[in-house]
Amino acid sequence: MSDAWEEELLAEPYRIKVIEPVRRTTRQEREELIRRAGYNPFRLPAEAVYIDLLTDSGTSAMSDRQWAGLMIGDESYAGSRNFYHLQATVERIFGFPHVIPTHQGRAAENVLFTTLLKEGQVVPNNMHFDTTKAHVLHKGGRPVDCPVTAAYDPTQPEPFKGNVDLGKLEELIRTEGPAKIPFLMVTATCNSGGGQPVSLANLRGVKEVASRYGIPVFIDACRFAENAYFIKQREPGQAGRSLGEIAREMFSYADGCTMSAKKDALVNIGGFLALRDEQLYREASVWAVLFEGFPTYGGLAGRDLEAMARGLEEVLDESYLAHRIGQVEYLARRLLQAGVPIVEPPGGHAVYVDVRRFLPHLPQGQFPAWALSVALYVEAGVRSVEVGTVLAGRDPATGDHDYPRLELLRLAIPRRVYTQTHLELVARAIIRLYGQRDRIKGFRFTFEPPVLRHFTARFEPV
Ligand code: P71
C-alpha cells in the first residue's frame, strides 16, 4: 500500500478538525497536586493531567461521521432506527443476528451470566478481566483462567500469548464434568495478559473442544479489531485476507459475544450482547429489560447507538489499525532501545513497564509500580495506572498484601487521541526516570479502604 519509509514514519491516517486544549503544568505545581491527591493519581483532577494513559476505555476520539451521527439519533423508546442500524452492522461484522445494547461491557456480562450461569458452576476463560471475574463470582460461579503458560512470562515474545491452553481446558471440563460448565469464554485481546491476541487456530481449537462436550462459546469482543489485525500480521496464511474476513471467521467459532463498545467501537459509552440463538436471545431480553431498559435501547440514547454503529464501521480500517498498533509498538520500541524493561511483545492497547526490573531496590511492600506512576506524573504530567500490589489488595485468609507475580505499570493508549510527539514525550520522561531510578522512593498507606483500595487510598513517601 505504501513504501517502507512511509510505514516507518507512522503518519496519522486522519487530520484534525476540532482540538481540545490540554494544560501543561510546572513540576512544582504537579508536586503540590499529587501531594494533595494523597499520592494517588486516581484522585487527580483530569485537568491537571497533560497526557492521560489511565485507560483506553471510553477515551477514544470520535470521527466527524460519528459526531454527525449523533444528530440523527432517533430517541423513540422502542424500535429506534439507530438500533436497526446497529443490529445490521453487528450482524455483518460478527455474524450474530440478535443484539441487545447495554450501557457498557460489564452490563452485557451481567445480562448473559444471569441468563446462563447457576450457583456452583465453573466458567473457563483464557484470563478473566476484573469485571468478568466479578460478575461470575456475583452469580455464585467459579472463574478459572486457562491461558498458555507463556502468558505469565513477560520476557517471552510469543505471537499469541492470549491463547487458551487447550489441554488445560479439556482437563478442566473432564474433572468438573460438562454439566457444570454452562459456557466457555475467550477474551480477545486478553487484557489481563497485557492485551495479547488469540489466534484463529486457537479459537477453532476452543470451538472443537467445546462442541465435543456440547458447551457454548462466547467471546469478550471489546478489542476484537486489534486482535484481527494481529492475526493478519502474525498468523501463517492470513496476510492476504481482509480484516473483515478475519473478524467474521473469529466469531464463526462462537455462539455470541459480550462487547464493551468503549474500546473497539470507538465511543465514549456503550456496549452490547450479541447472540446466534433466538431462544437464548429471548431469555436474555427478559434480564436486559430488568437491568438495562427496553431491548432496543439498553440504557443508551438513540444517538449513542448510532455512534456505536458508525464506530464499528470504522474500526476494521487497515490504515487506522496499522497506525493504532503502530503507536503502541513505537512507544514500546523507544523504551526497549533505552533498556527500559517492558512486557514483550507489547499488546494492542497498552505498553506495560516491568517494574520489578525497573526498580529492583524497592521491596514489593513499598509499592514499586505505584511509586513509578507517581514519579511519572511529577516528571511530565503523564497519568498511568499501577497493575501491581496496591491493585491486588489483601489476601482475606492471611490479611497480608496478596503480592502479585508481576508488578506492572500500564500505559494505555486512547484511540485517535494523541500524536507521535505526545508519545515521544512519554517515552523520554520514562527514559529520564530510568536514568535516575535509584532515587525513586517507595510509599506507604495513610488511608487504606477495605475494598478496591486503589481508587481512593492515600499514601505518603517512605
Ligand atoms: C480497562 C477497562 C476499563 C476498566 C474497567 C474496570 C476497572 C478498571 C478499568 C474493561 C473491560 C475489559 C475487558 C477485557 C470487559 C471490560 C469491562 N476494561 N472486558 O482496561 O478490558 O467493560 O468498562 O465497558 O464495563 O481499562 P466496561
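Strands β9 and β12 (residues 408-412) run antiparallel to one another and are paired over 5 bridges. One place to look for this pairing is Tyr 352, which stands opposite Arg 410 in β12. The model shown here is a predicted one.

The two strands belong to an open sheet of 3 strands, ordered β9-β12-β11, in which the pairing is antiparallel. Its edge strands are β9 (350-354) and β11 (385-387), each of which pairs on one side only. On average, neighbouring strands in this sheet are turned by 30° against each other, with direction ignored. A helix packs on the sheet: α15 (residues 368-380) touches β9, β11 and β12, and its direction makes about 45° with that of β12.

Helix α15 also has a helix as a partner. In general, a pair of packed helices is described by two values, the angle between the axes and the distance between the axes. For helix α2 (residues 27-36) and α15, the angle is about 145° and the axes are 7 Å apart. Which residues meet in this contact? From α2 come Arg 27, Arg 30, Glu 31, Leu 33 and Ile 34. From α15 come Val 374, Tyr 377, Val 378, Glu 379 and Ala 380. Sorted by kind, the residues of this contact are 6 nonpolar and 4 charged, with no polar ones.

A second part to trace is an open sheet of 5 strands, with the order β2-β8-β7-β6-β5 and mixed pairing. Strands β2 (98-102) and β5 (184-187) stand at its edges with a single partner strand each, so each has one side without a neighbour in the sheet. Neighbouring strands here are turned by 15° against each other on average, again with direction ignored. At one edge, β5 pairs with strand β6 (residues 217-220) in the parallel sense over 4 bridges. Within that pairing, Leu 184 has Val 217 in β6 as its bridge partner.

Next comes the ligand. How many residues surround the ligand? There are 17, and the closest are Thr 55, Arg 106, Ser 260, Lys 263 and Arg 410. Arg 410 has already appeared in β12, opposite Tyr 352. Divided by kind, the shell around the ligand has 2 nonpolar, 8 polar and 7 charged residues. Helix α5 (residues 105-116) gives the most to this shell, with 3 residues.

Some distances to the ligand can be given. A polar side-chain atom of Gln 104 lies 2.9 Å from an oxygen atom of the ligand. For Arg 106, an N or O atom of the side chain is 2.7 Å from a ligand oxygen atom. For Ser 260, an N or O atom of the side chain is likewise 2.7 Å from an oxygen atom of the ligand. On its own the ligand has 560 Å² of accessible area, and the protein covers 86% of that.

Last come some details of the backbone, in the loops. The peptide bond from Ala 188 to Thr 189 is cis, with omega near -10°, and Thr 189 sits in the loop between β5 and α8 (200-213). Glu 344 and Pro 345 are also joined by a cis peptide bond, with omega about -10°. Pro 345 is found in the loop between α13 (318-337) and β9, the strand with which this account began. Leu 10, in the loop between α1 (4-9) and α2, has a positive phi of about 60° although it is not a glycine.

Key:
Residues are numbered from 1 along each chain as its sequence is written. This is a predicted model: local features need pLDDT of at least 70, side-chain atom pairs count only at pLDDT 80 or more; totals for chains, interfaces and linings use all residues. Side-chain values use heavy atoms; hydrogens and water are left out. A residue is near a molecule or strand if one of its heavy atoms lies within 4 Å of it. A polar contact is a pair of N or O atoms within 3.5 Å; within protein, one must be able to donate a hydrogen and the other to accept it, and residues adjacent in sequence count only if both atoms are side-chain atoms. Accessible areas come from the Shrake-Rupley method with a 1.4 Å probe; for residues, only the protein chains shown count as cover. Ala, Val, Leu, Ile, Met, Phe, Trp, Tyr, Cys and Pro count as nonpolar, Asp, Glu, Lys and Arg as charged, and the others, Gly among them, as polar. Two strands pair if DSSP finds at least two bridges between them. Axes are lines fitted to C-alpha atoms, for helices over the stretch in contact, and angles run from 0 to 180 degrees between N-to-C directions. Contact means heavy atoms within 4.5 Å.
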